[in-house]
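Student: Could you take me through one part of this structure closely? I would like to follow chain B, one piece at a time.

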Amino acid sequence: MKQNALNILPDGQPVPVSTYTAFKATLRRDLLIALKRRNDLLNPLMFFLIVVSLFPLGVSSDPQELTRIAAGTVWVSALLASMLSLDNLYRADYEDGSLEQLLLSPQPLYFLVLAKNIGHWLVSGLPVVLLSPLLAYMLYLPGDAYWTLVFTLLLGTPVLSLFGSIGVALTVGLGSRGLILAVIVLPLTVPVLIIGAKAVADVSLGLPLAMHYSLLGALLALSLSLAPLASAAALKISVN
Amino acid sequence: MSASPQASVGTAAATSPLLEGRSLFCERDDRVLFSGLDFHLHGGEVMQVQGSNGSGKTTLLRILCGLNSNYEGELFWQGVPIDEDRESFLASLLYLGHRVGVNKILTARENLRWSCALHGPVSDVAIDEALASLGLAGYADIACRNMSAGQQQRVSLARLLISPARLWVLDEPFTTLDVRGVKALEHLLAQHAARGGAVLVTTHHALNVPCELRRLNLDTEGVRLDAASA
């Protein structure tokens, strides 16, 4: 055995570690797992693409009709895609015991959970934001609404990840979850959907958007500051 | 092994226990697992928690770590109630549950990089050395799903070599290890104790460690402690 690998300091106190190190390591780990599991990376995106492209087939191919529903369609699909991938957030960690290691870190859980949520958004939310202009084009969204769509999704999808994380954290210990995750998460995320879709629809009518942006920004600030705390508390209950 | 840390820790241990539990009570599904359980663990000691299946060994360890809060009683870390200073307790704690905490998609090195970063800064050299001393020299970059259960357990155990934690809480660490692995782990436990660390371990395996071994038997009525040297 290597003796020098044991590194208790002479006074018996462990070497301190910065919160940033733990935050970075957690984010890096989650992104690495997502990269290695291509399915997890592609599934939400494919789902998003498929749902949106079904609307012209199922509803109507009339450009005027599609223009009317474009904003709502993209937003609903983004919400569903985000929910589809939520389960990846803590399930594997719960099953293999990594979650216990996370909870026993001396670092504030807020930042570790935040790192996981940011990781989830980078993998499931950001690609949807980037793909949305293409789908908006498919649905004949008016030209001046493109930026609004991208911008509202950029503000709104992190909220979906952050609020969704609370629901997953609460249900990760349950054997058969069924629809309970949707029941918990949807009431929290529906306001984002309403505001986001309304903002895009209002652009075409020439209405001011400041209120929509402020509301989305407020929701993002609220979820960034409080949701990780709620997720951390829920995770503690789940492993209990 | 240098003598100075051992000596300083030795005197500290004589005054107050590292970890202490007072009148612990835990009930699960209307069945009392233990009641009025007192124990204390000093630096330099290895304590084996014994008991039949379902006697509450894992529950006790999870209670001590703070993963389970369905209990009554008091817990102290270096004389301070754990709830008052959880952060410094967690900084000194290394817990390995019977779910090993190894992600199957990541490689051994990636797993250790993360789990060690949660507790202390760690270099890749230290990780490689730890893996090598546990017989996983060529396995650092292999995805853990391609390893056997025993090898995954060893990846998890490599944390013991890297972690600066003073208290080790190990839940059934011997289950999937082969004879050589068992020997190596026993050696590690003794080495940790000799350095002033404390170990709390559950196992059905007859521990053979060249240091003081104390036993905490959860089956015995009234729960008594008996010290025995192995």
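**A close look at chain B**

Tutor: Start with one pair of residues: B:Glu27 stands opposite B:Val32, which sits in strand 2 of chain B. Keep in mind that this is a predicted model.

That pair belongs to a hairpin. Strand 1 of chain B (residues 19-28) and strand 2 of chain B (residues 31-41) run antiparallel, joined by 7 bridges. The hairpin they form has 2 residues between the strands. One residue in the turn, B:Asp29, has a positive phi of about 50 degrees.

Now step back to the whole chain. Chain B has 7 helices and 10 strands. It has 230 residues, and 46% of them count as buried. Look at its contacts between residues at least 6 apart in sequence: 69% of them join residues at least 24 apart.

Next, strand 3 of chain B, residues 46-50. Of its 5 residues, 4 are buried, so the strand is largely enclosed by the rest of the structure. What does strand 3 of chain B pair with? One partner is strand 8 of chain B (residues 198-202), in the parallel sense, over 4 bridges. There, B:Val46 stands opposite B:Val199. Another partner is strand 9 of chain B (residues 212-217), also in the parallel sense, over 5 bridges. In strand 9 of chain B, B:Arg215 is the bridge partner of B:Gln48.

B:Val199 turns up again in the largest nonpolar core. This core has 133 residues. Those that touch the most other members are A:Ala71, B:Leu93, B:Val169 and B:Val199. Domain 1 and domain 2 of chain B both give residues to this core, so it lies between them. In soluble globular proteins, nonpolar side chains tend to be buried together.

Take B:Val169 from that list. Set aside its neighbours within four places in sequence. Its contacts are then B:Leu61, B:Leu64, B:Cys65, B:Leu93, B:Tyr95 and B:Leu200. Notice B:Leu93 here, also named among the core residues that touch the most other members.

Now the two domains themselves. The assignment gives domain 1 of chain B as 5-92 + 166-229, and domain 2 as 103-165. Taken over C-alpha atoms, their centres are 24 Å apart. Across the boundary, 12 residues of domain 1 of chain B are in contact with 8 residues of domain 2 of chain B. On the domain 1 side, strand 7 (167-171) and helix 7 (179-194) of chain B each supply at least two residues. Helix 7 of chain B gives the most, with 4 residues.

Move to helix 4 of chain B, residues 108-117. How many of its residues are buried? The count is 9 of 10, so to speak of it as mostly covered is fair. Among the buried ones are B:Leu112, B:Trp114 and B:Cys116. The buried set also includes B:Glu110 and B:Arg113. What covers them? The cover includes helix 5 (124-133) and helix 6 (149-162) of chain B. Chain A adds to the cover as well, with helix 1 (19-36) and helix 5 (98-103).

Finish with a helix in chain A. Helix 7 of chain A (residues 146-171) has 26 residues. It reaches 36 Å from its first C-alpha to its last, close to the 38 Å expected at 1.5 Å a residue. A kink of about 30 degrees lies at A:Leu154, shortly before the proline A:Pro158. Of the 26 residues, 21 are buried, so helix 7 of chain A is largely enclosed by the rest of the structure.

Note on methods:
Residues numbered from 1 in each chain as written. Chains lettered and ligands numbered in written order. Predicted model: local features only at pLDDT ≥ 70, side-chain atom pairs only at ≥ 80, totals over all residues. Core = buried A, V, L, I, M, F, W, Y, C linked by C-beta atoms within 7 Å. Buried ≥ 20, exposed ≤ 12 C-beta atoms within 10 Å, placed from the backbone. Domains from an automatic or database assignment. Contact = placed C-beta atoms within 7 Å. Pairing = 2+ DSSP bridges. Expected span 1.5 Å × (residues − 1). Bend = angle between axes of the 7 residues up to and from the residue.
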